[in-house]
Amino acid sequence: MSPTQIRKADAVALLDPPLAPAPPVAAVAPLAPAARLLPSLAAVYRAQLARARVARIPLLFVATFQSLGILLMMRGVVDPGDVPAARSVVAGSSVLVVAFVALNLLAQYFGRLRATGGLDHYATLPVRPAAVVLGAAAAYASFTVPGALVTAGVGAWMFSLPFGHLWVLLAVVPLAGAALAGVGAACGLLAPRQEIATLLGQLGMSAALLLGVLPVAQLPGFVRLLRDLLPSTYGVEAFAESFATAPDWASVFGNLAVCGAVGLVSLAVATWAYRRAATR
């Protein structure tokens, strides 16, 4: 090889050096399996409970004060001698505490999460969508128990109703809370904007107020049909029946069973809405 050819070969080697051998590709580690439903549900519940604890006193005060105001207003309208109407007023006002928190505030919470991108945080966690919805709903509903009990006690005193079966409310609150929380979460997750989620929550709470507190006998037929479509109606009916001197327990537990079934359906819809919102 001539000196000129040697110099050209050296120049090509400098401009285009041989490629180094590629390092061996390491095996991709498998992702950790998703947490089981109950442990992840407990974790979300504790996190939501700690987060909402700061607003616990205002939350309890507003929800309870609102329901006590409704009781006082209806006391001037409904004759205490009209026992069926008095039962409906007290039962509806007690469940209204649950509606204010589980439906109204939960719709606002999930609407805000969707608008601000907060759902991305939950989407990166190894928790199931059902755990997120159930955990948030249970945490919000937990704050309604004291207010609902106070409202029921004050209402029974104002309308001279028996106190012996107030324990039924301990079954009504979680079942009606689950049904209303599912509706509230679905409204917040499916609403295209945060403002619409707030509006839907307010409308839902107004429906629970008008259809749950007003005596059934004084409502028109088509309004009664709307009342039957409201998830909390069956909880109100069960609690109202418990104020009887000799309650029809078959009716009480039947209404509670329907309320629980509606709650399962509404929470399933909310879980689907969460998956839809988190993956878009």
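The following exercises, each with a worked solution, concern a predicted model of a protein chain.

**Exercise 1. Overall architecture**

Determine how many helices and strands the protein chain has, and what share of its residues counts as buried.

Solution.
- Step 1. The secondary structure assignment gives 12 helices and 0 strands.
- Step 2. Read from the N terminus, the order of elements is therefore α-α-α-α-α-α-α-α-α-α-α-α.
- Step 3. The chain has 280 residues, of which 43% count as buried.

**Exercise 2. The salt bridge**

Identify the side chains that meet in a salt bridge, place them in their helices, and classify each by accessibility.

Solution.
- Step 1. The structure holds 1 salt bridge.
- Step 2. Its partners are Arg-227 and Glu-237, with an N to O distance of 2.7 Å.
- Step 3. Arg-227 belongs to helix α10 (residues 221-229) and Glu-237 to helix α11 (residues 233-241), so the pair ties together parts that are 10 residues apart in sequence.
- Step 4. The cut-off for a buried residue is under 20% relative accessible area. Arg-227, at 4%, is therefore buried, whereas Glu-237, at 28%, is partly exposed.

**Exercise 3. The internal cavity**

Find the volume of the largest cavity, name the residues that line it, and describe the lining by element and by class.

Solution.
- Step 1. Searching the whole structure yields 1 cavity of 30 Å³ or more.
- Step 2. The largest cavity holds about 30 Å³ of space.
- Step 3. Its lining consists of Gly-92, Val-95, Leu-96, Ala-99, Ala-208, Gly-212, Ser-232 and Val-236.
- Step 4. Two elements, α4 (83-116) and α9 (194-213), give two or more residues to this lining. The largest contribution comes from α4, with 4 residues.
- Step 5. Sorted by class, the lining of the largest cavity comprises 5 nonpolar and 3 polar residues, with no charged residues. Glycine is counted as polar in this sorting.

**Exercise 4. Two buried helix residues**

For Gly-212 and Met-74, state the helix, the degree of burial, and the C-alpha distance to Val-90 and Ala-85 respectively.

Solution.
- Step 1. Gly-212 is located in helix α9. Its relative accessible area is 7%, and Gly-212 is therefore buried.
- Step 2. Gly-212 and Val-90 are separated by 122 residues in sequence, while their C-alpha atoms are 9.7 Å apart in space.
- Step 3. Met-74 is part of helix α3 (residues 56-75). With a relative accessible area of 6%, Met-74 is buried.
- Step 4. Between Met-74 and Ala-85 the sequence separation is 11 residues, and the C-alpha to C-alpha distance is 9.9 Å.

**Exercise 5. The loop between α7 and α8**

Describe the backbone of Ser-160 and the surroundings of Trp-167, and decide whether each residue is exposed or partly exposed.

Solution.
- Step 1. Ser-160 lies in the loop between α7 and α8. Trp-167 is also placed in the loop between α7 (144-158) and α8 (169-190).
- Step 2. Ser-160 has a phi near 60 degrees, a positive value in a residue other than glycine. In general, most residues other than glycine have a negative phi.
- Step 3. An exposed residue must have over 50% relative accessible area. Ser-160 has 65% and is therefore exposed, while Trp-167, at 45%, counts as partly exposed.
- Step 4. Trp-167 forms a nonpolar surface patch with Leu-149, Leu-170 and Phe-253. Together, the residues of this patch have about 420 Å² of accessible area.

Technical notes: Residues are numbered from 1 along each chain as its sequence is written. This is a predicted model: local features need pLDDT of at least 70, side-chain atom pairs count only at pLDDT 80 or more; totals for chains, interfaces and linings use all residues. Side-chain values use heavy atoms; hydrogens and water are left out. Patches are made of residues with over 30% relative accessible area and no salt bridge: like charges are joined within 9 Å, nonpolar side chains (Val, Leu, Ile, Met, Phe, Trp, Tyr) within 5 Å. Accessible areas come from the Shrake-Rupley method with a 1.4 Å probe; for residues, only the protein chains shown count as cover. A salt bridge is a side-chain nitrogen of Lys or Arg within 4 Å of a carboxyl oxygen of Asp or Glu. Buried means under 20% relative accessible area, exposed over 50%, partly exposed in between (1.4 Å probe, protein chains only). On a 1 Å grid over the protein atoms alone, a cavity is a set of points where a 1.4 Å probe fits but cannot get out, and a pocket is an open set with protein on both sides within 12 Å along at least five of seven lines; lining residues have an atom within 4 Å of a point. Grid points are joined across faces, edges and corners, and a volume is the space filled by probe spheres set on the points.
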